[in-house]
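Hi,

Here is the structure I promised to pass on. Have a look at it first, and then read on for my notes.

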Amino acid sequence: MSECLLCKQGMKESLRFVDILLFKKMEAQVCLSCRAAFVPKTEEACPSCSKSGSSEVCQDCRYWEKLGLSVDHKSLYDYTDEMAAYFNQYKFQGDYLLRKVFAKELKLYLSAYSDYTLVPIPLGPKRLAERGFNQVEGILEAAGLTYQPLLGKMDTQRQSEKSRKERLEAEQFFYLLEEKPLPEKIILIDDIYTTGASIQLAKRILMKNGKKRIKSFSIAR
Ligand SMILES: [Zn+2]
Ligand SMILES: [Zn+2]
């Protein structure tokens, strides 16, 4: 009997034989009750960024559009208390096994974009040294997905300590790791999407180096 990564309870093998055949290398990592606490996105979400609540384009996206910036973002889950607790345990308590929790969903979703290059949002050097790993790269590796770390990030103040206005006015803190031609189609991958400021900055640096098709993705929004 395997153990749930989140509540550490033993899990009964509840998979049907066909599931075992399909996902034999990706057995369940989380028990059904922990899994059920996460809220998957529904149709009631912003078509541009997956913000839940309404199927109209949300205020955050309209804000970016007014600045002439497009949003093409998809998230799989709502950013609920349970999701916050998950990321806290994974990122700040450093429980690296938790990178596997959303591996299956991630692989399934991104398999539709096999012609895109996956580019994880980087951490600044200080944060990376504190944490010991990039949480986005961890999740991609757990899903068996290949990615290209094209971006670097300078150390900055914690985003949450800044107001949104300050964030938007903040200077660019991403940079290209190498001066080389970029892939034409890119999906920027992040863990959590808040207002979209980080994604817009990362997108800007890629766009400056050639007009590309850039989508973005996060586990939670
Ligand atoms: Zn559990
Ligand atoms: Zn939106």
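Before the surface, a word on terms: a patch here is made of residues with over 30% relative accessible area and no salt bridge, and nonpolar side chains are joined within 5 Å. Please keep in mind that this is a predicted model.

With that in hand, Met-154, Tyr-175 and Leu-177 make up a nonpolar surface patch of about 280 Å². Tyr-175 sits in strand β6 (residues 174-176). Its relative accessible area is 35%, so Tyr-175 counts as partly exposed.

Now the metal. The zinc ion (ligand 1) has four protein donors, the SG atoms of Cys-4, Cys-7, Cys-31 and Cys-34, lying 2.3 Å from it. Angles between the 4 donor atoms run from 104 to 115°, which makes the arrangement tetrahedral. Along the chain, the donors follow the spacing C-x2-C-x23-C-x2-C. Cys-4 and Cys-34 link distant parts of the chain, 30 residues apart: Cys-4 is in the loop between β1 (2-3) and β2 (10-11), while Cys-34 belongs to helix α2 (residues 32-36). Cys-4 counts as buried because its relative accessibility is 1%, and Cys-34 is buried too, at 16%.

Last, helix α9 (residues 197-208). Its 12 residues reach 17 Å from first C-alpha to last, close to the 16 Å expected at 1.5 Å a residue. The helix α9 is mostly covered, with 9 of its 12 residues buried; among them are Ile-199, Leu-201, Lys-203 and Leu-206. Just after α9, Gly-210 takes a positive phi of about 120°.

Cheers

How values were computed
Residues numbered from 1 in each chain as written. Chains lettered and ligands numbered in written order. Predicted model: local features only at pLDDT ≥ 70, side-chain atom pairs only at ≥ 80, totals over all residues. Heavy atoms only, no water. Donors = N, O, S within 2.8 Å, 3.2 Å for Na, K, Ca; no water. Tetrahedral: all angles 85-135°; square planar, octahedral: opposite > 155°, others 65-115°. Helix = DSSP H or I, 4+ residues; strand = E, 2+ residues; numbered from the N terminus. Buried < 20%, exposed > 50% of the residue type's maximum accessible area, 1.4 Å probe, protein only. Patch = residues over 30% accessible without salt bridge, like charges linked within 9 Å, V, L, I, M, F, W, Y side chains within 5 Å. Areas by Shrake-Rupley, 256 points an atom, 1.4 Å probe, with all protein chains shown as cover. Salt bridge = Lys/Arg side-chain N within 4 Å of Asp/Glu carboxyl O. Expected span 1.5 Å × (residues − 1).
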